[in-house]
Amino acid sequence: MLIIEGLTRHFSGRVAVDDVCMEVPRGAFVGVIGRSGAGKSTLLRMVNRLAEPSAGRILWNGTDVTEMRGKALRDWRSRCAMVFQGFNLSGRLDVLTNVLVGRLNKVPAHRSLLRLWSDADRAIALSALEHFDIAELAAQRAEHLSGGQQQRVAIARALVQEPEIILADEPIASLDPRNTRVVMDALARINRDYGITILCNLHSLDIARTYCDRLVGLSAGRLVFDGTPDALDAEAARRLYGLEAAEVMETAPLALMGPAPSPFLAHT
Ligand SMILES: Nc1ncnc2c1ncn2[C@@H]1O[C@H](COP(=O)(O)OP(=O)(O)OP(=O)(O)O)[C@@H](O)[C@H]1O
């Protein structure tokens, strides 16, 4: 269970996240929605401690994440994997090595420094790639892959960390509709198959409604919506998106995109 209590972050005197409180049970798939600049990324980055809170607490299964230092913080970051909009792969390294980077915290320091991966680690990484139907890309340089393929590699890297929670910061922002579905299906499958809690920042309300079992909405750093996708009515959308509400509430023609492909069976 993730508990966020009064979480606040200021940048140069301006508030980016303002006294946010929420509880996320294990295994939830939560979409974090709101306009650009609402504080979504800052909220996720604080959970991973990539950004330091100005005030408030983050508790994971009762342990105060905000107090963690040194090894405890490294362990937390390994249990709390991040997936970024820009994939954050090493383009010149092959796909398998990129995934193995997710194992760094699981192997002794001397082996990780020398990148001496065991057969077991390689098998785990390959199996994660297989899980996302991209094992045949293992030997390719990451920079030669499409955006959708790169994001699946990044999700495979997150998975081999054996995380308890995945924080996905706009994971589909640079993808076309087909790859959007493939990547969101990958996250949904991780959530379903392994019970990994997912917090996912999303610009698209339609995608958020389709994939998430709960939405939390930020506006100017404040939590202004917390409920199921069905509960997000026009009034709630106005609180979140202001004058753009009508625009974002217009359902995107998901039906026109055809049925969703079976998870991990689609190639890019
Ligand atoms: N490192 C930083 N230094 C100064 N201001 C920052 C920094 N990071 C974020 N901010 C500010 O904090 C506010 C919230 O930004 P944040 O990136 O969290 O919003 P967001 O909802 O994720 O936006 P987007 O959807 O555009 O990514 C914005 O006003 C932003 O300019």
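## Contacts and the model

Two residues count as in contact here if their C-beta atoms, placed from the backbone, lie within 7 Å. Keep that in mind while exploring this structure, which is a predicted model.

## Helices on the sheet

Let's begin with helix α1, residues 40-47, which lies across five strands: β3 (29-33), β6, β7 (165-169), β8 (197-201) and β9. Relative to β8, helix α1 runs at about 150 degrees. Helix α7 (residues 177-194) also packs on the sheet, where it touches β3, β7 and β8. The direction of α7 makes about 155 degrees with that of β8.

## The sheet itself

The sheet is open and built from six strands with mixed pairing, in the order β6-β7-β8-β3-β9-β10. At its edges are β6 (80-84) and β10 (222-227), each paired on one side only. On average, neighbouring strands are turned by 20 degrees against each other, direction ignored.

Take a look at the β10 edge: strand β9 (residues 214-219) runs antiparallel to β10, and five bridges join the two. Leu215 has its bridge partner in β10, namely Gly227.

## Two helices side by side

Helix α6 (residues 147-160) packs with α7 at an angle of about 15 degrees, and their axes are 9 Å apart. Angles under 35 degrees count as roughly parallel, so α6 and α7 are roughly parallel to each other. Their crossing is right-handed.

Which residues of α6 and α7 make the contact? From α6 come Gly147, Gly148, Gln151, Arg152, Ile155 and Leu159, while α7 brings Asn179, Val182, Val183, Ala186, Leu187 and Ile190. Sorted by class, this contact has seven nonpolar, four polar and one charged residues.

Terms used
Residues are numbered from 1 along each chain as its sequence is written. This is a predicted model: local features need pLDDT of at least 70, side-chain atom pairs count only at pLDDT 80 or more; totals for chains, interfaces and linings use all residues. Two strands pair if DSSP finds at least two bridges between them. Helices (H or I, at least four residues) and strands (E, at least two) are DSSP runs, numbered from the N terminus. Axes are lines fitted to C-alpha atoms, for helices over the stretch in contact, and angles run from 0 to 180 degrees between N-to-C directions. Angles under 35 degrees count as roughly parallel, over 145 as roughly antiparallel, 65 to 115 as roughly perpendicular and the rest as oblique. A crossing is left-handed if the near helix is turned anticlockwise from the far one by less than a right angle, and right-handed if clockwise. Ala, Val, Leu, Ile, Met, Phe, Trp, Tyr, Cys and Pro count as nonpolar, Asp, Glu, Lys and Arg as charged, and the others, Gly among them, as polar.
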